[in-house]
Structure formats: C-alpha cells, structure tokens
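Hi everyone, thanks for coming. I'd like to walk you through some strands today, so let's bring the structure up on the screen.

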Amino acid sequence: MKAALFTQSGTVNVVDRPEKHPGPGEIVIAVESCGVCGTDLHIVEGTSRSTPPVVLGHEFAGVIESIGPGVTDLHPGQRIAADPNISCGTCSYCRRGLVHLCARLRALGVDIDGGMAERCVLPAAQAHVLPRGFPVDAAPFVEPVSCAVHGIDRAGIKTGDTVVITGGGTIGLIMLQLSRHAGASQTIVVEPLGWKREIAQRLGATIAVDGTKAKEAVRDLTVDGADVVIECAGSTTAVDMALELARRGGTVEVFGVCRSGQSVSVEPHSLFFRELTVVGSYVNPHTFARAIEILAAGIIRVDAFRVSRFSIDNVHNAFSVLRDGGTHKSMIVPAS
Ligand SMILES: [Zn+2]
Ligand SMILES: [Zn+2]
C-alpha cells in the first residue's frame, strides 16, 4: 500500500508499505481523504515536533475495512473520522480531564503512522462514526473544526462581541463561522491575500482587510478595540497585531502555530493597565463529537473553501501548493 512517509532527513517520500492488520483494540480503515495542514508543513521543515519515520496525516476519515480482537462497537463498512490525539488516561493531567495536555500525548500522523496512506490502522477508541449522509467533503475537516471548537470555548465569545480573526486560511474561516454562530455581532478578518478576503466576506465577515488596514477597521467598527481577537495566522507579526487590536479588558487567543523558538515582546505595563486576557488553545479535548454535529448541521460551510485534491503520488505538490498560499486546503485522496 502507498503511503507518504516523513523521514529523519526532512523529506516526504511516497513508499510502498506492507498491508496493515488490526491488533487487539484496533481497526483498519481505507482512507477516503486526508487534509494537509500547516502543522504538516512545519513538521517537514523541522519546526514542529514529530517522531520520524512516520506516515503523515492527522486530518482524515475513511471506511472501516477490518476490526481487531476485542472491538465490539464498530464494524466494517462504517465511515469514521479519526481523532488523532491519543492520551494515556493515567497521568496527572489526564486524571484532571486535561487529556490534551497529557504528559504522554501521542498523535496519529505525528508520532504514529497517520492518514496519508491508502490504509491506516488506529485504536478503535480514536474512531468517531459519522452520521449517515455526512458529506464526504466535510469529513477531513472534523479534526480542524474540533480544534477550533476548543478555541471558541477558550476565547469565551459572548453574544454581541466584536471578534477579530487574524488569518483567513482554513482555520480563520472556521473560526469566523463559529464566532458568528457563537453570537458575535461583528467579525473582522485580517488577511493579506485578496482571494481569501473575498471568501471571508462571502462567509459573512463584517469586513475583511489586509494588515495595513486592520487598526482602522477596528477603530471604525468598535468603541475601543475588539472584545476578542483570535490569532490564526501563526506569525509573530500577527500576534503583535492581535495584542494591539483588543480593547481594554479584551481577550487575545493564540491559536495559530508560530515556529518553535520564535518570540514576541510584550509590554507588561500594557497587559496590566489594559487588563488583557491572553489564552492559548491546544488541540481538541472532548470536542470531536461536537465538531461532527456542527458539520453535519451545516453550521460551517466547507464548500466555500478552495480545496485542491491530490493523489498520494502527488504529495509533494499538495505540500507546495499549500505552502505557496494557492489553496485553503490540500487534500490527499488515495483513491484518485
Ligand atoms: Zn492540522
Ligand atoms: Zn495522560
């Protein structure tokens, strides 16, 4: 079976792997589609942690082909989306319910072979059955939406809030739609690329501007700054901007993933007098089922995204098109 393997050398190679068989408590799925995300680009660049050699892909869905001994609640033929994050269940964080902060957290597509392959073996506990009629195109978005749902919880948006979203990529557009659904009265998307701003506007952003006009837009639409700023670009410039755009008493959420080792300078005086709340948001603790409900209900429109589909053989193109900003989401479709 074909798979996109990330090796120590910092490259992704299409390799032929032996067919998979499920062990106790495991299932094997035929992968329908697997999204390529910014984290995958970071892993390949060596700026985000991973355990190579590993088959990449943590945003994927497929159809169960076989189940291992002891799996009783799943059966072949069911469509599932995979929650890639595997917590140990027994560390001090897991025992406090903070499974995403697990001391032994491992992830499919990062530490264990993931979904950029024709087949994937995974613990049955990581599989979430998709409701009948769940749109095929929406399935690989369950994982990013589950992370964004946690982000919305962490940001604490209240009805009537003005929300600024920096970055109009997949995550930014998911956050835009979730913010509106959470009751935001106004949403401002800050994004350098014109075509991405247009789509943000189409998805209901009050206004979409590039970085040079962000301050002006916030000044025009608010009394003293945004109630909530969600940083989804993963750049230090955007984090700086996010801290500036929040009102006194506002919340700034760091959601986008900056390269490890990068830093921003923060003026403690400003944090203190403006009483800012700065929160991080990491992956998807207990939000996977809600993400499936949200996508099934059509609350998030993924049909508005520019999606580019590639076979496993074309994985390099999938990465480069995403890196160059030519698409919202590169998708690996093994059967294509
Ligand atoms: Zn991702
Ligand atoms: Zn744990």
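Before I start, one bit of vocabulary: we call a crossover right-handed if, with the strands pointing away from the viewer, the path from the first strand over the helix to the second runs clockwise. And please keep in mind that this is a predicted model.

With that in hand, look at strand E17, residues 307-310, helix H9, residues 315-323, and strand E18: together they make a right-handed β-α-β unit. E17 and E18 run parallel, joined by four bridges. If you want a spot to find on the screen, Val307 has Lys329 in E18 as its bridge partner.

Now, what does E18 do with strand E3, residues 26-36? Those two pair in the antiparallel sense, over three bridges. Here Val36 stands opposite Ser330 in E18.

Let's stay with E18 and its side chains. In a regular strand, side chains alternate between the two faces of the sheet. In E18, residues 329-332, Lys329 and Met331 point one way, while Ser330 and Ile332 point the other way. Are they buried or exposed? All of them are buried, the lysine at 329 included.

Last stop, please: an open sheet of three strands, in the order E2-E1-E4, with antiparallel pairing. Strand E2 (12-16) and strand E4 (54-55) stand at the edges with a single partner strand each, so one side of each is left without a neighbour in the sheet. Strand E1, residues 2-6, pairs with E4 over two bridges, and Phe6 stands opposite Val54 in E4.

That's my tour, thank you!

Conventions
Residues numbered from 1 in each chain as written. Chains lettered and ligands numbered in written order. Predicted model: local features only at pLDDT ≥ 70, side-chain atom pairs only at ≥ 80, totals over all residues. Buried ≥ 20, exposed ≤ 12 C-beta atoms within 10 Å, placed from the backbone. Pairing = 2+ DSSP bridges.
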